[in-house]
Amino acid sequence: MDLPRRVMRRAMAVAVLTLLGALALGLARTDADIDGEVQAAMSLAAAMSRLTQASSLSDAELIAVLQAHEGETPLRHLSLALRDGAGRLLLGRLQGPESSRLVEALTDLHRRWRPGTEVQPVTWPLPRPGREPWTLTLAAQRDSERREAVAYLGSLLGVLLLGMALMLAVMSWNVRAAFRPLQGLLAAIARIQAGDPAAARAIPAMPTGELEQIATALRALGRALDVAQAERRMLGHKVQSLQEEERMRLSRELHDEFGQRLTAIRIDAAWLAQRLRELPDVQPVVQGMAEQCAAIQNDVRGLLARLQPLGGAADGLGDTSVATLAKLLQGLAEGWRKSASGALRVALEIDAEPGRTLPRDLALALYRISQEALTNVARHAQAAEATVTLRWPRGRDTIDWSVADDGIGLVDAGAAVRRGNGLAGVKERVWAFGGDLQLKSVRPGHERPGLVLAATLRAAAA
């Protein structure tokens with residue numbers, strides 16, 4: 001696998017360098033120990049050679065010779081003591097260089113742990129002419145050897161600890177470098193879960209084979225989601241087109257059938273009124289028939305306007321201006337103001353150039369979702385005011401739409417979308433134009449939090 005190899009490659013290099021460093025240190029200390037042992041052996045031989053001449057030297061000369069020898073080539077791990085016939089110490093020196101506190105502490109710890117077997121010193125008399133012989137003592141210095149071994153062990157452990165620290169640092173850097181691209185994959189997965197399959201297409205090439213396999217699978221998933229969403233949006237457009245076509249057919253039939261028959265009834269009523277002028281009791285009835293026919297015709301015209309708000313179109317692909325859409329929305333607002341209850345005041349805020357045109361089906365979708373949203377506000381929100389907002393800044397392909405009210409709000413917006421056809425239809429129309437319906441409170445925490453429905457629709461989706 002590529003990822004473990006990438007993570008461990010530099011760590012193995014550091015391990016090899018650490019072993020080489022420890023080996024170099026060991027070889028250097030070995031050379032130093034060999035040289036030290038050879039020098040100590042030669043120093044001991046030189047000391048013995050000079051001691052053989054002790055009988056020919058005076059006391060002061062003998063002490064001076066031994067002191068000079070100790071200063072030139074001291075004995076290794078041995079101490080030399082010279083005492084006169086009365087037992088007074090004439091010459092004595094503990095061998096061993098000065099050590100750090102850490103080495104002394106480790107030496108003391110090792111002494112307590114492994115004290116070792118006591119070695120008796122070697123003593124022999126050194127004859128002096130006409131006097132008691134002097135005593136020469138050579139004693140082994142176990143602590144000197146112990147101190148040297150502890151110092152070597154400490155230096156070796158220092159090299160190993162440094163290598164381990166460097167290895168951990170390199171491994172940490174390797175792991176972060178190897179898994180850093182994984183953050184991009186996790187972010188892409190989160191965006192895909194949020195409904196943005198385009199994030200999968202933007203995943204760059206991964207540095208390792210395993211991550212590249214995951215990225216390839218995510219790209220394929222993104223392409224599949226793109227195709228599925230495109231097909232679903234196309235199906236949504238077709239369903240909405242069928243609905244509008246059915247409304248158009250129904251409006252034509254209402255216009256042709258009811259319009260013709262109501263016109264005939266009004267003509268008949270006018271004829272009856274003309275023929276029955278001499279019957280004053282009948283005139284009010286005939287006049288009432290004519291007025292009822294006129295009222296029915298007005299109701300039918302209003303129904304036809306709601307069924308086909310943008311009028312007829314030969315191919316259904318004509319453009320509609322923002323001014324026309326604003327006029328239709330203003331008609332919705334006036335309709336609710338003049339409704340039987342008269343309790344809902346609707347304000348309209350449009351931030352777009354009146355002369356700009358937008359596709360016919362997008363204009364119709366904006367009208368329908370505004371119509372449905374205001375109907376939901378009037379039926380369920382117990383609101384006194386509602387605001388329809390439409391923003392289409394110049395240079396942007398997206399249109400921001402929202403309907404806000406000051407009503408009682410929604411406890412569970414998701415359940416409300418699933419429960420009824422109104423919000424579900426609004427959500428489906430919004431989604432078909434590349435948007436996502438957002439439902440949130442206007443004033444969270446208030447007794448009447450209100451509700452705002454907001455979405456951003458793409459003109460290009462039309």
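Student: Does R394 count as buried or exposed?
Tutor: This is a predicted model, where local features need pLDDT of at least 70, side-chain atom pairs count only at pLDDT 80 or more, and totals for chains, interfaces and linings use all residues. Residues are numbered from 1 along each chain as its sequence is written, and side-chain values use heavy atoms, with hydrogens and water left out. Buried means under 20% relative accessible area, exposed over 50%, and partly exposed in between (1.4 Å probe, protein chains only). R394 has 62% relative accessibility, so R394 counts as exposed.

Student: Which side chain meets R394 in a salt bridge?
Tutor: A salt bridge needs a side-chain nitrogen of Lys or Arg within 4 Å of a carboxyl oxygen of Asp or Glu. Here the N to O distance is 2.3 Å, and the partner of R394 is E353.

Student: How many residues apart in sequence are the parts that R394 and E353 tie together?
Tutor: Helices (H or I, at least four residues) and strands (E, at least two) are DSSP runs, numbered from the N terminus. R394 and E353 meet in a salt bridge. R394 sits in the loop between strand 8 (385–391) and strand 9 (398–405), and E353 in the loop between strand 6 (345–351) and strand 7 (357–359), so the pair ties together parts whose separation in sequence, in residues, is 41.

Student: What is the relative accessibility of E353?
Tutor: E353 takes part in the salt bridge with R394. E353 counts as partly exposed, at 33%.

Student: How many salt bridges does a search of the whole structure find?
Tutor: Side chains of opposite charge can pair when their charged atoms come close. One of the pairs here is D400 with R396, at 3.2 Å, N to O. The search of the whole structure gives a count of 5.

Student: How far apart are the closest N and O atoms of D84 and R88?
Tutor: D84 is buried, with a relative accessible area of 9%. R88 is exposed, with 55%. The two form a salt bridge, and their closest N and O atoms are separated by 2.8 Å.

Student: What distance does helix 9 reach from its first C-alpha to its last?
Tutor: The expected span of a helix is 1.5 Å times one less than its number of residues. Helix 9 (residues 360–381) has 22 residues, and the expected value is 32 Å. The actual reach is close to that, at 30 Å.

Student: How many of the 22 residues of helix 9 are buried?
Tutor: Helix 9 is largely enclosed by the rest of the structure. That follows because the number of its residues that are buried is 17.

Student: Which residue follows helix 9 with a positive phi?
Tutor: The residue lies in the loop between helix 9 and strand 8. At 57% relative accessibility, the residue counts as exposed. Its phi is about 55 degrees although it is not a glycine. The residue that follows helix 9 is Q382.

Student: Which residue lies over the face of W392?
Tutor: A charge sits over a ring if NZ of Lys or CZ of Arg is within 6 Å of the ring centre and within 35 degrees of the ring normal. At 3.8 Å from the ring centre of W392, the residue is R356.

Student: What accessible area do V16, L17, L20, L23 and L27 have together?
Tutor: Patches are made of residues with over 30% relative accessible area and no salt bridge; like charges are joined within 9 Å, nonpolar side chains (Val, Leu, Ile, Met, Phe, Trp, Tyr) within 5 Å. V16 is in helix 1 (residues 2–51), and V16 is partly exposed at 45%. Areas come from the Shrake-Rupley method with a 1.4 Å probe; for residues, only the protein chains shown count as cover. The five named residues form a nonpolar patch on the surface, with a joint area of about 490 Å².

Student: What separates the C-alpha atoms of G21 and V159?
Tutor: G21 also belongs to helix 1. G21 is partly exposed, with a relative accessible area of 29%. G21 and V159 are 138 residues apart along the chain, yet their C-alpha atoms are separated by 7.1 Å.

Student: What separates the C-alpha atoms of A188 and A199?
Tutor: A188 lies in helix 4. At 4% relative accessibility, A188 counts as buried. A188 and A199 are 11 residues apart along the chain, with C-alpha atoms separated by 5.3 Å.
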